[in-house]
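Could you walk me through this model in the viewer, one selection at a time? I would like to know what to click on next and what is there.

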Amino acid sequence: HYYTGHNLLPLKFETKPQAWKVQFIERAANFADLILPDDITLIDYLEVSQDFFLVGGMIKEIFDKLNNGIAVVALQKNRGTDLGLGGYRSLEKARLYLAMSWKKIKIVKAKNWATSTNPNRLAHHFDLVDGATFIRRGDWFLDNEKGD
């Protein structure tokens, strides 16, 4: 298990990161090199400062390394949109694309639903306590607004 990126974890988790079965690696480029094909890889976050159109290719490199594993890739996004930097290119390979904004999470794109109900554009409000605990507020609702 790897955590890639350069953000520090909040220290308010019930168990300390040292007790987790995870390896933390500081990385700012070449994320595909660290993908575990049959495991979970977290990338927090895929840093891009220019040529945002290249994000789709970076995500495809990560996708192509997967076998039975999962890659969770975080992207920064601008206010007023549900899409991360890279825009629609960042949607191409995603099987589940979530947008988080202030106290809200939205399913922007979901493929291969578990039920016959289309989950796309469903959103949910939450509170974040001490940077480590998510608390649900209310029920899922259809959200046609752009991100905030």
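Before the first click, one cut-off is useful: a residue is called buried under 20% relative accessible area, exposed over 50%, and partly exposed in between. With a relative accessible area of 22%, Asp 127 is therefore partly exposed. Keep in mind throughout that you are looking at a predicted model.

**The whole chain**

Start with a cartoon view. The secondary structure consists of one helix and eight strands, and along the sequence they follow the pattern β-β-β-α-β-β-β-β-β. Of the 148 residues in the chain, 30% are buried. If you switch on a surface, about 9900 Å² is exposed, and carbon and sulfur atoms supply 54% of that area. Among contacts with a separation of 6 or more, 41% join residues 24 or more positions apart.

**The four-stranded sheet**

Now select β5 through β8. These strands form an open sheet in the order β5-β6-β7-β8, with antiparallel pairing. Which strands stand at the edges? They are β5 (96–101) and β8; each has a single partner strand, so one side of each is left without a neighbour in the sheet. Look along the sheet and you can follow its twist, which averages 25° from one strand to the next.

**Strand β5 and its hairpin**

Zoom in on β5 and show its side chains. In a regular strand, side chains alternate between the two faces of the sheet. Along β5, Tyr 97, Ala 99 and Ser 101 point to one face and are buried, while Leu 96, Leu 98 and Met 100 point to the other face and are not buried.

Next add β6 (residues 104–110), which pairs with β5 in the antiparallel sense over six bridges. Two positions help you to get the register: Leu 96 stands opposite Ala 110 in β6, and Met 100 stands opposite Ile 105 in β6. The two strands form a hairpin with two residues between them, and in the turn Lys 103 has a positive phi of about 60°.

**Salt bridges**

Stay with Lys 103 and show charged side chains. Side chains of opposite charge can pair when their charged atoms come close. A search of the whole structure finds six salt bridges, and three of them make good stops.

- Lys 103 and Asp 127: the closest N and O atoms are 3.3 Å apart. This pair links distant parts of the chain, with Lys 103 in the loop between β5 and β6 and Asp 127 in strand β7 (residues 122–129), 24 residues apart. Lys 103 has 30% relative accessibility and counts as partly exposed. Add Arg 137 to the selection and you have a network of salt bridges linking Lys 103, Asp 127 and Arg 137.
- Asp 143 and Lys 104: their side chains meet in a salt bridge at 2.6 Å, N to O. Here too the pair links distant parts of the chain, as Asp 143 lies in the segment after β8 and Lys 104 in strand β6, 39 residues apart. Are these residues buried or exposed? Asp 143 is buried, with a relative accessible area of 4%, and Lys 104 is buried as well, at 9%.
- Arg 89 and Glu 92: the closest N and O atoms are 2.5 Å apart. Arg 89 counts as partly exposed at 42% relative accessibility, and Glu 92 counts as partly exposed at 41%.

**A nonpolar patch**

Turn the surface back on and select Ile 40, Leu 42, Ile 70 and Val 72. Together they make a nonpolar surface patch of about 310 Å². Strands β3 (40–44) and β4 (70–73) each supply at least two residues of this patch. Pick out Ile 40, found in strand β3: with a relative accessible area of 39%, Ile 40 is partly exposed.

**Last stop: Lys 146**

Finish in the segment after β8 (133–142), where Lys 146 has its place. Is Lys 146 buried or exposed? At 58% relative accessibility, Lys 146 counts as exposed. Which residues does Lys 146 touch, leaving aside those up to four places away in sequence? They are Gly 80, Thr 81 and Asp 82. Draw a distance between the C-alpha atoms of Lys 146 and Thr 81 and you should read 5.1 Å, although the two residues are 65 residues apart in sequence.

Note on methods
Residues numbered from 1 in each chain as written. Predicted model: local features only at pLDDT ≥ 70, side-chain atom pairs only at ≥ 80, totals over all residues. Heavy atoms only, no water. Buried < 20%, exposed > 50% of the residue type's maximum accessible area, 1.4 Å probe, protein only. Contact = heavy atoms within 4.5 Å. Pairing = 2+ DSSP bridges. Axes fitted to C-alpha atoms, helices over the stretch in contact; angles between N-to-C directions. Patch = residues over 30% accessible without salt bridge, like charges linked within 9 Å, V, L, I, M, F, W, Y side chains within 5 Å. Areas by Shrake-Rupley, 256 points an atom, 1.4 Å probe, with all protein chains shown as cover. Salt bridge = Lys/Arg side-chain N within 4 Å of Asp/Glu carboxyl O.
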